[in-house]
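Work through the exercises below with the sequence and the structure at hand. Each task is followed by a solution in steps.

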Amino acid sequence: MLSRRTWLHVAGAAGAAAATSVLSGCTLNPDQDHIGPNAPRALPLTRAPRVAWVFSSGGPRGFVHVGVIKALVELGLKPDLIVGASAGAAVGSLLAAGLSAQDLETLALDLQPWSLARWAVGTPERLSGSGVADLMQEHTPVRLLEDLAVPMACVAQRQRDGVPMAFTAGDLGLAVQASAAIEGQFAPVRIRGERYVDPDWSMPLPVRLARALGAQKVLAVDATAHLASAPPGAERYRESDLRKQALVDVDGVLADVLLKPDFGYWVSLSREFRERAIGAGYRDTLAQADRLVALHAA
């Protein structure tokens with residue numbers, strides 16, 4: 001089983017060594033400064049949300065969000081705001097755009113992760129996540145965050161100072177790409193003069209941003225590793241696991257309900273793994289049905 005650190009992520013992505021022969025195209029100007037009127041912006045919401053769903057980063061583990069959503073929809077629950085980081089921003093944006101739970105599951109199982117990467121000409125990272133923006137354009141009829149059926153905040157980290165920003169307006173695909181630009185692996189996305197990357201090492205579970213946007217109640221979904229179940233061979237990842245867990249814990253305690261579905265430590269991009277992650281998200285969410293229904297009750 002391939003280690004989770006072998007893989008690039010954002011709703012899954014491909015391992016660099018395995019994917020370079022099949023990358024679809026290239027980005028000729030990966031450091032383009034997006035300064036037009038539809039460049040992503042961090043704006044306050046026009047209406048205070050009552051219940052927010054927060055989806056964490058997690059790379060291939062982010063497939064678990066699909067199973068959680070499947071269960072939440074089955075329970076008849078709806079959010080007033082969705083906040084997502086990286087893989088959580090991608091899945092959350094698709095949901096906010098109106099995709100059904102079945103559509104999300106089909107897309108997750110059929111996705112060719114290497115199609116999300118492009119050669120980034122002239123950058124140290126050598127790869128661009130512009131395919132992520134293309135994915136959003138292909139599967140949603142909505143182009144702007146402010147036009148989504150459910151208010152959405154895509155969280156990205158400002159590279160200059162590490163400050164996480166919640167994009168709530170502007171180009172949907174570009175906002176998700178910025179949220180998923182894994183630092184050191186995908187080229188940053190430059191927006192209004194600032195470069196943005198994945199918030200994995202600043203705020204992987206952005207509950208504080210949901211609260212800052214006015215959310216009264218928060219359901220948070222943590223797709224990071226279960227440290228207690230780390231098997232032999234995982235010792236070399238313990239330092240990064242502990243660092244990530246410390247970041248998650250800061251926000252996790254601020255959620256009214258925190259879900260952390262368990263589908264094992266190791267990850268891959270196989271269909272079997274995706275089905276297992278989705279199944280775990282669905283099962284563990286339904287196990288909390290009473291708490292979740294109470295959280296959403298008026």
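**Exercise 1: Leu77**

Task: In this predicted model, decide whether Leu77 is buried or exposed, then place Leu77 in its surroundings.

Solution. Leu77 has a relative accessibility of 9%. The cut-off for buried is under 20%, so Leu77 counts as buried. In the chain, Leu77 sits in the loop between α2 and β4 (81-85). Setting aside residues up to four places away in sequence, Leu77 touches Trp53, Leu72, Leu292, Val293 and His296. Ile278 is 201 residues from Leu77 along the chain, and the two C-alpha atoms are separated by 18 Å.

**Exercise 2: helix α2**

Task: Find how many residues of helix α2 (residues 64-74) are buried, and name them.

Solution. Helix α2 has eleven residues, and eight of them are buried, which leaves the helix mostly covered. The buried ones are Val64, His65, Val66, Gly67, Val68, Ile69, Ala71 and Leu72. Leu72 is also one of the residues that Leu77 touches. After the helix comes Gly76, with a positive phi near 80°.

**Exercise 3: helix α4**

Task: State which residues of helix α4 (residues 101-110) are buried and what covers them.

Solution. Start with the residues: Ala101, Leu104, Glu105, Leu107, Ala108 and Leu109 are buried. Glu105, a negative side chain by the counting used here, is among these buried residues. Next, look at the cover, which includes the helices α2, α3, α5 (130-139) and α9 (271-286).

**Exercise 4: nonpolar cores**

Task: Describe the largest nonpolar core and the second, separate core.

Solution. The largest core holds 59 residues. Trp53, Leu145, Leu148, Phe167, Ile191 and Leu219 have the most contacts inside it. Helix α3 (residues 87-96) contributes the most to this core, namely six residues. A second core, separate from the largest, has 18 residues, including Met203, Leu209, Val218 and Ala220. To see the setting of one member of the largest core, take Leu145: beyond four places in sequence, Leu145 touches Met152, Cys154, Phe167, Thr168, Ala169, Gly170, Leu172 and Ala175. Trp53, listed for the largest core, is also touched by Leu77.

**Exercise 5: positive phi outside glycine**

Task: For Arg126 and Arg192, give phi, then the loop and the exposure of each residue.

Solution. Arg126 is not a glycine, yet its phi is positive, about 75°. Arg126 lies in the loop between β5 (118-120) and β6 (127-128). With 52% relative accessibility, Arg126 counts as exposed, because the cut-off for exposed is over 50%. Its contacts, leaving aside neighbours within four places in sequence, are Arg118, Trp119 and Ala120. Pro261 is 135 residues from Arg126 in sequence and 34 Å away in space, C-alpha to C-alpha.

Arg192, likewise not a glycine, has a positive phi of about 50°. Its loop runs between β9 (189-191) and β10 (194-197). Relative accessibility is 39%, so Arg192 counts as partly exposed.

**Exercise 6: Val253**

Task: Decide whether Val253 is buried or exposed.

Solution. The relative accessible area of Val253 is 65%. Exposed means over 50%, so Val253 is exposed. Val253 belongs to the loop between α8 (238-252) and β12 (257-259). The C-alpha atoms of Val253 and Ser86 are separated by 21 Å, with these positions 167 residues apart along the chain.

**Exercise 7: the whole chain**

Task: Judge whether the protein chain is as compact as a globular protein of its length or not, then describe its surface and charges.

Solution. The protein chain contains ten helices and twelve strands. Its radius of gyration is 17 Å, close to the 19 Å given by the globule rule for 298 residues, so the chain is as compact as a globular protein of that length. Along the principal axes, the C-alpha atoms fill a box of roughly 50 × 50 × 35 Å. Of the 298 residues, 57% are buried. Of the contacts between residues at least 6 apart in sequence, 79% join residues at least 24 apart. The accessible surface is about 12100 Å², and carbon and sulfur atoms account for 54% of it. There are 29 positive and 30 negative side chains, and the centres of these two sets are 2 Å apart.

Key. Residues numbered from 1 in each chain as written. Predicted model: local features only at pLDDT ≥ 70, side-chain atom pairs only at ≥ 80, totals over all residues. Heavy atoms only, no water. Helix = DSSP H or I, 4+ residues; strand = E, 2+ residues; numbered from the N terminus. Rg over C-alpha atoms; globule rule 2.2 N^0.38 Å. Buried < 20%, exposed > 50% of the residue type's maximum accessible area, 1.4 Å probe, protein only. Contact = heavy atoms within 4.5 Å. Areas by Shrake-Rupley, 256 points an atom, 1.4 Å probe, with all protein chains shown as cover. Charge placed at Lys NZ, Arg CZ, Asp CG, Glu CD. Core = buried A, V, L, I, M, F, W, Y, C linked by side-chain atoms within 4.5 Å.
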